[in-house]
Amino acid sequence: MRTQVCIIGAGPSGLLLGQLLHLAGIETIIIERKTKDYVLGRIRAGVLETGMCNLLRKVGLGTRMDAEGFVHDGTLIAAADRMFRVDFKERVNQTVMVYGQTEVTRDLYTARETAGAPIIYDADGVTLHDVTTDAPYVTYIKDGTEHRVTCDYIAGCDGFHGASRPTIPSSVRKEFEKVYPFGWLGVLSETPPVNHELIYANHARGFALCSMRNQALSRYYVQVPLSDKVENWTDQMFWDELRRRIPQDAADTLVTGDSIEKSIAPLRSFISEPMRWGRLFLVGDAAHIVPPTGAKGLNLAASDVHYLSEGLIALYHGDGDEGIERYSQKALARVWKASRFSWWMTSLLHKFPDQGDFGQRIQEAEIDYLESSLVAQTSLAENYVGLPY
Ligand code: RFL
Ligand code: PHB
């Protein structure tokens, strides 16, 4: 098989890139290790920046998102016995959209199927070859047979555990990593959200977050030690712990129910440089991971896709290779800023085992400052709604 751009991974990065390229008349084949149902079964991001919403509208996928998503003008920060609001609209005249990654991905699958563009599922042993030559190719095994896709360029959209990043020799790659000493235990439940806006809570027992997917589907998280096992957390234990960590009014009105998904995610910051090697481009989680505090992961994947699609479209339309030459540099500049923000929000809101009395007081002072300073709130708002592409 031959195509112009071979995309590894049918997560949100790969699907969005495929759609932008398709609309520009560029052929793609997407190769995915899992099935569509498996990808749709992963409960992940919930908050979209304006830039990502605009990209979805650009590929014709704004209708359902604009009808079913919730526009949020601000968020609540709770600490000890108080709670305050950061008003995005007032501070930076922008908003975010609450529309789940599952729905974004579902819409992208529908668009690709409507376009009749290929996705190969259940592909094992995906291997990238000759990526520093002008004739790269990808091999994979399906139903016991090896297949080959030759192409002009490869987009590595295969997430943190994919095959693309390790293709870049370790002598070329520089990796930066910070592993946090806790995880997030997340629960999805068919209950009305406790509040119409998100509540980020700093509590002596650890961080908690109240989020949502729609009016009948809530998403909650509590910080847990990395040693905790999800099977030891009953639903009742989860609700009791969440109630302890959120403000009294919210705890009193929280509606609980059976969890329909429960999992523990470790928190890490990770960036691999460069994001381009020869004709291979890394996109999204394949190149970087942020802790979920601040909701940046999926949104960073979208800004990578924006830069890469612009570069490839310019190239195929005869407008030069500057865009792809500068891809890594442009994408990384935004990645580092979003990583800084996610690290800062994580540091502000979690209990660190080694934080000590000094760290505790500094955290309290920082929250106090945020509550009392519109300048500090403006900085949070500017980053939360997303820095410009
Ligand atoms: P994905 O979604 O991991 O998709 C990669 C795809 O590649 C496939 N794959 C392979 N295919 C072929 N060959 C191989 N060798 C392969 N290896 C892997 C995989 O099966 C998969 O289908 O990466 P992508 O597309 O870059 O998207 C990134 C986002 O999924 C991720 O950044 C976000 O989910 C992060 N995230 C959040 N981001 C936000 O912007 N806002 C949020 O509110 C938010 N909340 C979250 C999150 C992530 C979380 N977890 C569990 C990590 C909350 C959580 C709890
Ligand atoms: C979510 O709804 O899953 C979510 C929202 C905000 C975050 C992280 C996760 O910062």
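**Exercise 1. Ligand 2**

Which residue has an N or O atom in its side chain 2.6 Å from an oxygen atom of ligand 2, with Tyr 221 or another residue as the candidate?

Solution. Before starting, note that this is a predicted model, in which local features need pLDDT of at least 70, side-chain atom pairs count only at pLDDT 80 or more, and totals for chains, interfaces and linings use all residues. Residues are numbered from 1 along each chain as its sequence is written, chains are lettered from A and ligands numbered from 1 in the order in which they are written, and side-chain values use heavy atoms, with hydrogens and water left out.

Step 1. List the surroundings: ligand 2 has 14 residues around it, and the closest are Tyr 200, Ser 211, Arg 213, Tyr 221 and Pro 292. A residue is counted here if one of its heavy atoms lies within 4 Å of the molecule.

Step 2. Check Tyr 221: an N or O atom in its side chain is 2.6 Å from an oxygen atom of ligand 2.

Step 3. Check two further residues. Ser 211 places a polar side-chain atom 2.6 Å from an oxygen atom of ligand 2. For Arg 213, the distance from a side-chain N or O atom to an oxygen atom of the ligand is 2.8 Å.

**Exercise 2. Ligand 1**

Find polar atoms of the protein that lie beside ligand 1, and say whether they belong to side chain or backbone.

Solution. Step 1. The ligand has 31 residues around it, of which Ser 13, Glu 32, Gln 101, Asp 285 and Leu 298 come nearest.

Step 2. Glu 32 uses its side chain: an N or O atom there is 2.6 Å from an oxygen atom of ligand 1.

Step 3. Gly 46 uses its backbone, with an N or O atom 3.1 Å from an oxygen atom of the ligand. Asp 158 also has a polar backbone atom in the list, 3.5 Å from a nitrogen atom of ligand 1.

**Exercise 3. The two domains**

Describe how domain 1 meets domain 2.

Solution. Step 1. Set the bounds, which come from an automatic or database domain assignment: domain 1 is 5-50 + 63-69 + 98-177 + 268-345, and domain 2 is 180-267 + 352-385. Taken over C-alpha atoms, their centres are 29 Å apart.

Step 2. Count contacts (heavy atoms within 4.5 Å): 22 residues of domain 1 touch 19 residues of domain 2.

Step 3. Take the buried area, the accessible area (1.4 Å probe) that two parts lose on being put together, summed over both. Between the domains this is about 1,700 Å², and carbon and sulfur atoms give 63% of that. Ile 43, Val 98 and Trp 344 supply 29% of the area that domain 1 buries against domain 2, more than any other three residues.

Step 4. Look for salt bridges, meaning a side-chain nitrogen of Lys or Arg within 4 Å of a carboxyl oxygen of Asp or Glu. The interface has 0 of them.

**Exercise 4. A salt bridge and two backbone features**

Locate one salt bridge, one cis peptide bond and one positive phi.

Solution. Step 1. The structure holds 25 salt bridges. One of them joins Lys 36 and Glu 113, whose closest N and O atoms are 2.8 Å apart. Lys 36 is in helix α2 (residues 36-40) and Glu 113 in helix α6 (residues 101-115), 77 residues apart. Helices (H or I, at least four residues) and strands (E, at least two) are DSSP runs, numbered from the N terminus.

Step 2. The cis peptide bond runs from Glu 273 to Pro 274, with omega near -5 degrees. Pro 274 sits in the loop between β17 and β18 (276-277).

Step 3. Asp 122, a residue other than glycine, has a positive phi near 55 degrees. The loop between β8 (119-120) and β9 (124-129) contains Asp 122.

Key: A polar contact is a pair of N or O atoms within 3.5 Å; within protein, one must be able to donate a hydrogen and the other to accept it, and residues adjacent in sequence count only if both atoms are side-chain atoms.
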